[in-house]
Amino acid sequence: MSQTDFDQPVNRENTHAVKLDAREAVFGRADVLPVWVADMDFAAPQAVTDALSERALHPVYGYTMFPDSLYSAMHDWFRQRHQWSFQREWVLMAPGVVPSLNAACMACTDPGDEVIIQPPVYPPFFSSVRQTGRQVLENPLLAEKQEDGNLYYRMNLAHLEQCAARPQAKMLLLCSPHNPIGRVWCEAELTAVLDICRRHNLVLLSDEIHCDLVFSDSHRHRMLAALARPDDQLITAIAPSKTFNVPGLGLSAMVIANSGLRQKMADVLKSFHMPQSNPFSVTSFEAGYRHGGPWLDQLMDYLQANRDFVVNQVSQRLPGINVSAPEGTYLMWLDCRALGLDDTGLKRLFVEQAGVGMNPGVSFGANGSGFMRLNIGCPRATLEQVIERIQAALGARQ
């Protein structure tokens, strides 16, 4: 395929994009640079756009089945990219990974049960537990300061064992790779998590929506299911939405080898009485997994350069802010605690003074206080503006 120009801006104004058109509601002003919501400002792969355009030419957009070609495209992708194979009957299609979190809480736990999460973590991990009447049980990640002053996060496995041993603990929600810190969990960590869940009979849902977004200089992502046994109580949630920048089309899959657990999940999904797809989500799902590989390879080169640019610029130009290079995802976790501001003060600094819209770290849990999440899935010029605006705002404080 031809080289994709990720530097070329795509105008998303007035497309009802949450990332842009919700700025005034979220930040109180509509002109902040939008580097928050976890979608990218890049056009989807041309193969996806072409497939959607071809489907749109047929004027009937009725109820749509999941064709065998969709499953084979997904299976081929994970076999080739992740050395993971699964059987067709293990797959349940779902309307998204976040609905899958809620469905898993409903299917595998009872009201009042405890569900373990590992903050700082994607906010729906909290809400999916609480909104279904379950209790959040936190197993906070350990942040170790490195020689350069940056943080490296690890799982607190000893504490996870203690959480898992609690009588009301029934499930663990794992984020792999982890949003927002960008860790790609290694095989030893994943194996330890599996062992703990087996010992304490926990259901384990592994959200691997960022599995394709791993940088070449980091660990290779390991699918947790590739390390598991068929009888493990494991749900693997996957989707092409982050990989090919099609999250608005809302289709995902759950791969569940354990037949009893799979039936529980299927029963809950059926109880929703909602269609899980539309003709366009099916089309984009298959086209991405079948034809999107070359585009993704180019994307990861560009994102890695963006990541390295931010690390370099933050260290040179933004005193009081530290950032580690993530191993995966297009999200970066800015440590702003040395600025000496509370979370309200940080919001004022970045939104009111710098005009930059990022996700506040405290929304990912109490141990995210003092941090901000930056989305680097955008043209380099946007990141240059972000750095310039923050540098000016920091300079005005002196």
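Strands here are DSSP runs of at least two residues, numbered from the N terminus just as the helices are. Keep that in mind for the labels below, and remember that you're looking at a predicted model.

**Stop 1: the loop after S9**

Select Asn245. You'll find this residue in the loop between strand S9 (234-238) and strand S10 (252-255). Check its backbone: phi is near 60 degrees, a positive value in a residue other than glycine. Is Asn245 buried or exposed? Asn245 has a relative accessible area of 13%, and buried means under 20%, so Asn245 counts as buried.

**Stop 2: another positive phi**

Now jump to Thr329, in the loop between S11 and S12. Thr329 isn't a glycine either, yet its phi is positive, at about 75 degrees. With a relative accessible area of 0%, Thr329 is buried.

**Stop 3: the sheet around that loop**

Stay here and colour the strands on both sides of the loop. S11 pairs with strand S12 (residues 331-335) in the antiparallel sense, over two bridges. To see one residue pair, pick Asn322 and look across to Asp335, its bridge partner in S12.

Next, add S15 and S14 to the selection. What is the order of the four strands in this open sheet? Reading across, you get S11-S12-S15-S14, and the pairing is antiparallel. Strand S11 (322-323) and strand S14 (359-360) are at the edges; each has a single partner strand, so one side of each is left without a neighbour in the sheet. As a reminder, strands of a sheet pair through backbone hydrogen bonds.

**Stop 4: two cis peptide bonds**

Go back along the chain and show the backbone of Pro119 and Pro120. The peptide bond joining Pro119 and Pro120 is cis, with omega about 5 degrees. Pro120 sits in the loop between strand S3 (114-117) and helix H6 (124-130).

Then select Asn179 and Pro180. The bond from Asn179 to Pro180 is cis as well, and its omega is near 25 degrees. For Pro180, the surroundings are the loop between strand S7 (169-175) and helix H8 (187-199).

**Stop 5: a charged patch**

Switch on the surface to finish. Which residues form the negative surface patch? Select Asp5, Asp7, Glu384 and Glu388 together and you have it. Zoom in on Asp7, which belongs to the segment before helix H1 (18-21). Asp7 is partly exposed, with a relative accessible area of 44%.

Terms used
Residues numbered from 1 in each chain as written. Predicted model: local features only at pLDDT ≥ 70, side-chain atom pairs only at ≥ 80, totals over all residues. Heavy atoms only, no water. Pairing = 2+ DSSP bridges. Patch = residues over 30% accessible without salt bridge, like charges linked within 9 Å, V, L, I, M, F, W, Y side chains within 5 Å. Areas by Shrake-Rupley, 256 points an atom, 1.4 Å probe, with all protein chains shown as cover. Salt bridge = Lys/Arg side-chain N within 4 Å of Asp/Glu carboxyl O. Lys, Arg positive; Asp, Glu negative; His and termini not counted. Charge placed at Lys NZ, Arg CZ, Asp CG, Glu CD. Buried < 20%, exposed > 50% of the residue type's maximum accessible area, 1.4 Å probe, protein only.
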